[in-house]
Amino acid sequence: MRKHRVSVLSAAVGAALLFSAGAEACTLNAWTVNGSIVGSAPNLVPGGPGHTNNTVKRYSGVCGMRALASGNYVQNDDPANDQIFRARFYVFTGITGGSATAYLAGNSTNNNEIEVIVNRASNQLQVRHRGGSPVNFTINSAGRWYSVEVAMNATGTATTGTDPIPANTMVVRVSGANTGVTDTITSQSLSVTSGAAIDFARLGWVSGSATAGSDGLQFDAYESTRSAGNPIGRLCRGNMNADTTRNILDLVQIANNINGTFSGGQPDVNEDGQVNVLDMTVLQQIISSTSPGC
């Protein structure tokens, strides 16, 4: 996918939290290029299968990030007065009560141009601009993986391309807890103030009073871009070898993951935070369907 510009953080996450199989690469330091870490272990840790923090969940590859308390997040300062801004990340909604801000992007004047909230009181993902009325997406009462993509255009002109954004609008797409063959993607939009700009982005348990439970909030596959007209899009469930279809080769690699040989790709096919025989069952259904492609 061609992008106008990928942020430094997104490139770092792509290397460290999406595809890496090396324990040395599973570190929060990978997030700090032109940014910072706010918080520390045990409330903010990287990890995944085969790593020191091997109970941290992963969506893609073998390394993710877990936040267990408010005020623990990573921050990227690569954006620079970006009035056109896209970001996509995966969040595992493991908190068991209350609500928490999982993503916050803005500037020194308005630090909440984009805010993504996991609300366990209403079992919703909520996205809002400058504290205004949110758009709401229903989520499972149990912790599940959800992809969230926000695309903001705070200029007076609609963008062009394969996925144009109307003027002064934020488009939000959420998909997750998919247990069958088809990905269900819900899209909503809200108005944004003309001239709104992104200078930083925070990912983690940024703020909010919530009950962490044992899982808290977990994250993977963050990517951002200044692309005006091209979506980032969700990853392909069950695609283990980065090709264009899902077949027996992917099924074998998931079996290897279950047996302790970890690899890249997206093995959590039913998006429940575990990689086990249930993922193989769903992938078999996808392979047998009329649309096994990615």
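Strands are here taken as DSSP runs of E with at least two residues, numbered from the N terminus. On this basis, in what is a predicted model, Ser108 is placed in the loop between strand 6 (97-106) and strand 7 (114-119). With a relative accessibility of 79%, Ser108 counts as exposed, since the threshold for that class is over 50%. The C-alpha atom of Ser108 is separated by 39 Å from that of Val269, a residue 161 positions away along the chain.

The protein chain as a whole contains three helices and 15 strands. Its radius of gyration is 18 Å, close to the 19 Å given by the globule rule for 294 residues, so the chain is as compact as a globular protein of that length. Along the principal axes, the C-alpha trace of the protein chain spans about 50 × 45 × 35 Å. Of the 294 residues, 53% count as buried, and among contacts between residues at least 6 apart in sequence, 66% join residues that are at least 24 apart.

The surface and the charges of the protein chain may be described together. The area exposed by the protein chain is about 11,100 Å², of which carbon and sulfur atoms supply 49%. The chain carries 18 positive and 19 negative side chains, and the centres of these two sets lie 3 Å apart.

Strand 10, comprising residues 145-153, was examined in further detail. Nine of its nine residues are buried, so strand 10 is largely enclosed by the rest of the structure. In a regular strand the side chains alternate between the two faces of the sheet. In strand 10 both faces are covered, with Trp145, Ser147, Glu149, Ala151 and Asn153 buried on one side and Tyr146, Val148, Val150 and Met152 buried on the other. The buried class, to which each of these residues is assigned, requires a relative accessible area under 20%.

The pairing of strand 10 involves strand 5 and strand 11. Strand 5 (residues 84-94) is joined to strand 10 by nine bridges, and these two strands run antiparallel; within this pairing, Phe85 stands opposite Met152 of strand 10. Eight bridges join strand 10 to strand 11 (residues 169-176), again in an antiparallel arrangement, and here Ser175 of strand 11 is the bridge partner of Ser147. Both Met152 and Ser147 belong to the buried residues of strand 10, where Ser147 lies on one side and Met152 on the other.

Note on methods. Residues are numbered from 1 along each chain as its sequence is written. This is a predicted model: local features need pLDDT of at least 70, side-chain atom pairs count only at pLDDT 80 or more; totals for chains, interfaces and linings use all residues. Side-chain values use heavy atoms; hydrogens and water are left out. Helices (H or I, at least four residues) and strands (E, at least two) are DSSP runs, numbered from the N terminus. The radius of gyration is taken over C-alpha atoms; the globule rule is 2.2 Å times the number of residues to the power 0.38. Buried means under 20% relative accessible area, exposed over 50%, partly exposed in between (1.4 Å probe, protein chains only). Contact means heavy atoms within 4.5 Å. Accessible areas come from the Shrake-Rupley method with a 1.4 Å probe; for residues, only the protein chains shown count as cover. Lys and Arg count as positive and Asp and Glu as negative; His and the chain ends are not counted. The place of a charge is taken as NZ of Lys, CZ of Arg, CG of Asp or CD of Glu. Two strands pair if DSSP finds at least two bridges between them.
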